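Hi,

Here is the model I promised to pass on. Have a look at it first, and then read my notes underneath.

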Amino acid sequence: MSGRVILVGAGPGDPDLITVAGLKALKIADVVVADRLVPTALLDEIRDQAEVIPVGKVPRGEFTPQEEINRIIVEHALAGKTVVRFKGGDPFVFGRGYEEWQACEAAGVPVEYIPGVSSSIAGAGLAGIPVTHRGTNQGFIVVSGHVPPGDSRGTVDWGNLAVSGLTIVILMGIHYLPEITARMLAAGLDAATPVAVVERAATPNMRVVRSTIGDVVSAVKESGIMPPAVTIVGDVTALGPAFVTC
Ligand code: SAH
């Protein structure tokens, strides 16, 4: 009899920031196929009970192709296993979770989805930044910066975003930050617009750099911020309670 696949959002990195449903799924897994951004402490807890298969994707480095990940989860489920696809943040916020869902459906494998705390929201929140704040702005948008403005693979109109009046949350946006900020400045975004970059949110190594859209590229360079990091653009990033100590 076929097993099944459960796509589980692991949260941004702190073992306490996974949902109760996600943790329950992890505890009944026979096989866990895990990203590099998941809380590793949780993997250590279940190693005696389940086979853990790492499928890390280091940006511009070593990675397991998506087709291979799809093949692994389907193969184990067809062998009768309960497979947890353990993904950093939320499975459907980038990271190609829906392709995994489709691969399961195509193979006739039952598949479920358990949402996770996405770094796109948690990254700002853990730095004490409200992604929306009544009276400051009316909404936020989450985009991927893994390709630069003007790239044929991209679908984001950065110029329109720049003048949208929304908080802009950029994931995978460190490498092309110079191109992205230049495009938004050219579209009319005020150079003094506040920006925060949150590196390794929800981990003991979390760091926050606060700057402006005009200066953030040099601020990131000076601080040595590396992925994974969330970049938040907009007036809300100038807010932030005093309790954040990092
Ligand atoms: N599904 C994930 C996002 C995967 S894309 C989610 O919902 O959070 C990978 C990107 O997520 C990274 O490049 C970075 O921009 C962001 N990210 C993931 N975990 C993070 C963390 N702990 N701190 C800061 N950014 C993080």
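Below are my notes on the domains, the ligand site and one helix with the loop after it.

First, the ground rules. This is a predicted model, so local features need pLDDT of at least 70 and side-chain atom pairs count only at pLDDT 80 or more, while totals for chains, interfaces and linings use all residues. Residues are numbered from 1 along each chain as its sequence is written, and side-chain values use heavy atoms, with hydrogens and water left out.

The chain splits into domain 1 (4–114) and domain 2 (119–243); these bounds come from an automatic or database domain assignment. Taken over C-alpha atoms, the two domain centres are 28 Å apart. Across the divide, 11 residues of domain 1 are in contact with 16 residues of domain 2 (contact means heavy atoms within 4.5 Å).

Now the ligand. There are 16 residues around it, and P12, V93, S118, S119 and A229 come nearest (a residue counts as near if one of its heavy atoms lies within 4 Å). Each of domain 1 and domain 2 supplies at least three residues to this shell. By class the shell has 10 nonpolar, 4 polar and 2 charged residues (Ala, Val, Leu, Ile, Met, Phe, Trp, Tyr, Cys and Pro count as nonpolar, Asp, Glu, Lys and Arg as charged, and the others, Gly among them, as polar).

Two serine side chains approach ligand oxygens: a polar atom of S119 at 2.6 Å, and an N or O atom of S118 at 2.8 Å. A ligand nitrogen sits 2.9 Å from a polar backbone atom of G88. Taken alone the ligand exposes 550 Å², of which the protein buries 94% (Shrake-Rupley areas, 1.4 Å probe).

On to helix α5 (residues 119–126), where S120, A122, G123 and A124 are buried (under 20% relative accessible area, 1.4 Å probe, protein chains only). Helices (H or I, at least four residues) and strands (E, at least two) are DSSP runs numbered from the N terminus. Those buried α5 residues pack against β6 (140–144), β7 (167–171), β8 (194–199) and β10 (229–233). Just after α5, G128 has a positive phi of about 85°.

Finally, what about N137, in the loop between α5 and β6: is N137 buried or exposed? N137 counts as buried because its relative accessibility is 15%. Its side chain reaches the backbone oxygen of G139 at 3.2 Å, and a 2.3 Å polar contact joins the side chains of N137 and T167 (a pair of N or O atoms within 3.5 Å; within protein, one must be able to donate a hydrogen and the other to accept it, and residues adjacent in sequence count only if both atoms are side-chain atoms).

Cheers

Key
Buried means under 20% relative accessible area, exposed over 50%, partly exposed in between (1.4 Å probe, protein chains only).
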